[in-house]
Amino acid sequence: MGALLCSLFAIAQADSALGSTRALEEFAASLAPPDQSQWATTRVRDYEKAKAAPGSPVAVLTVPSLKLEVPVFDKDDDLSLNRGAGLVAGMGTPDQGGNVGIAGHRDGFFRVLKDIKIGDLIEVRTRIKVHRYRVTSIEIVDAADKRLLADTEEPSITLVTCYPFYYIGNAPQRYIVAGNYQWSSET
Amino acid sequence: MRRSTYLSILGATAVLGGVAAPAMAATCADAQFSQAVLDRFPNIRLVCSEIIEKEGQQYAVVKGDLVRTGNNAVYMKFKLADGTKSDTRKIATAPERRVMIEGKPVSVRNLAVGQELTAYVKVSDPVIALEPAADETLVLTPIEPAAPMVADNSADMPHTASALPTAAGLGALLLTFAGMLTFLRVRRES
């Protein structure tokens, strides 16, 4: 039983490392979009559907000060969070605006967030654009406190992970990093 | 005779003058915006960068940053002459329409926050349109008043705690326990 559980953990760790590397490569390869200026509208629609195939990352999140680079998937389910970070359901997306929620495991990719500082740069690269945000607040809230997930008129970002960072079992709190959008002229 | 000659010269001068004088292009400052446009878009003169003419109609060209997309609309903040931005404006548009971004046609569904868009405001009517791609027509929609666009919050706090470390810890504990039992049994047998 013990060996089985340890094997399970080892397999998940391997999947995390390989899955995220593969996802980053896949995303990089998809960054050169084809010239669609001559395409029919229906063809463009089909291409967009195919591009959004399940399991493909929708963006790459980078925090240069933490040397963090992680693929972002469109869901925040267990598999996605094992291989990277995930968009929080019901919140904005980087290209569409609003408050973009990105979740990650505190014992995985998002553990480095414990060292993030106000003013640090957060970049989210989608297939269309690189969005830049500047960290404006870092808060620890109760796991049931949804205030910081509220929509915003100006584009913004909210990174969410569990807190305390070192804790056995379901952590009772959440570590929330919020950032404001940096318009092109401000970067 | 003298009077008719004088009048002829005066008339000819007026005609020639009318022909020779170049038609003065309207500017943002002197464009005759209708009251309905000014009511719906009070700072139109401040965000207007030039007046153009299309199919016999005058349009004010306004540029701005895309703030949000979705629900068959784009939301923009227009750039004022002093470098600040206007309040947010909604422009209804179908997602499959193509607009111009940095000189290239892009479908509305592929727009992203932070991109600069150009729109046309009709001088005589309170309608607005995004700059269409070359093969598209101008689709005018009513200028909507600036309105809050914040959505109702329906997001729940995500579960960012994996059960795997707990499983691994339990596994390690069981292995240690099994190892200890084995060690004790071997020791007792020897």
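This report describes a predicted model with chains A and B, taking in turn the barrel, the second chain, the cores, the interface and some backbone details.

## The barrel of chain A

In chain A, 8 strands close into a barrel in the order E1-E2-E3-E4-E7-E8-E6-E5, and the pairing is mixed. Direction ignored, neighbouring strands of this sheet are turned by 30° against each other on average. Both senses of pairing can be followed from strand E2 of chain A, residues 68-73. With E1(A), this strand pairs in the antiparallel sense over 5 bridges; with strand E3 of chain A, residues 85-87, E2(A) pairs in the parallel sense over 2 bridges. In that parallel pair, Phe73(A) stands opposite Gly86(A). Helix H1(A) packs on the sheet, where it touches E1 and E2 of chain A, and its direction makes about 80° with that of E2(A).

Strand E1 of chain A, residues 59-63, is largely enclosed by the rest of the structure, because 4 of its 5 residues are buried. E1(A) and E2(A) form a hairpin with 4 residues between them, and Lys67(A) in the turn has a positive phi of about 55°. Across this hairpin, Val63(A) stands opposite Leu68(A). E1(A) also pairs with strand E5 of chain A, residues 121-125, in the antiparallel sense over 3 bridges. There, Thr62(A) has Glu123(A) opposite it.

## The fold of chain B

Chain B contains 4 helices and 9 strands. Along the sequence they follow the pattern α-α-α-β-β-β-β-β-β-β-β-β-α. Of the 190 residues in chain B, 29% are buried. Among contacts between residues at least 6 apart in the sequence of this chain, 47% join residues at least 24 apart.

Strand E2 of chain B, residues 57-70, takes part in several pairings. It runs antiparallel to strand E1 of chain B, residues 48-54, and 6 bridges join the two. Cys48(B) stands opposite Val62(B) in this pair. E2(B) also pairs in the antiparallel sense with strand E3 of chain B, residues 73-79, over 6 bridges, and here Arg68(B) has Tyr75(B) as its bridge partner. A further antiparallel pairing, over 7 bridges, links E2(B) to strand E7 of chain B, residues 116-122. In that pairing Gly64(B) stands opposite Leu117(B).

## Nonpolar cores

In soluble globular proteins, nonpolar side chains tend to be buried together. The largest nonpolar core in this model has 40 residues. Those with the most contacts inside it are Leu61(A), Val72(A), Ala85(A), Val88(A), Ile102(A), Ile157(A) and Val177(A). Not counting residues up to four places away in sequence, Val177(A) touches Leu113(A), Ile116(A), Val135(A), Ile138(A) and Leu159(A). A second, separate core of 32 residues includes Val37(B), Phe41(B), Tyr59(B) and Ile128(B).

## Where the chains meet

At the interface, 52 residues of chain A are in contact with 41 residues of chain B. On the chain A side, helix H1 (2-29), helix H2 (41-51), strand E4 (99-103) and strand E7 (156-163) each supply at least two residues. The largest share of this side, 7 residues, comes from H1(A). By class, the side of chain A that touches chain B has 24 nonpolar, 17 polar and 11 charged residues.

## Backbone details

Most residues other than glycine have a negative phi, and most peptide bonds are trans. Against that background, the peptide bond from Tyr163(A) to Pro164(A) is cis, with omega near 0°. Pro164(A) lies in the loop between E7 and strand E8 (173-181) of chain A.

Positive phi values occur in turns and loops of chain B. Glu55(B), with phi near 45°, is found in the loop between E1 and E2 of chain B, and their hairpin has 2 residues between the strands. Glu55(B) counts as exposed because it has 7 C-beta neighbours inside 10 Å. The hairpin of E2(B) and E3(B) likewise has 2 residues between its strands, and Asn71(B) in the turn has a positive phi of about 55°. Glu102(B) has a positive phi near 50° and lies in the loop between strand E5 (98-101) and strand E6 (104-107) of chain B. With 7 other C-beta atoms within 10 Å, Glu102(B) is exposed.

Conventions:
Residues numbered from 1 in each chain as written. Chains lettered and ligands numbered in written order. Predicted model: local features only at pLDDT ≥ 70, side-chain atom pairs only at ≥ 80, totals over all residues. Contact = placed C-beta atoms within 7 Å. Nonpolar A, V, L, I, M, F, W, Y, C, P; charged D, E, K, R; others polar. Buried ≥ 20, exposed ≤ 12 C-beta atoms within 10 Å, placed from the backbone. Pairing = 2+ DSSP bridges. Core = buried A, V, L, I, M, F, W, Y, C linked by C-beta atoms within 7 Å. Axes fitted to C-alpha atoms, helices over the stretch in contact; angles between N-to-C directions.
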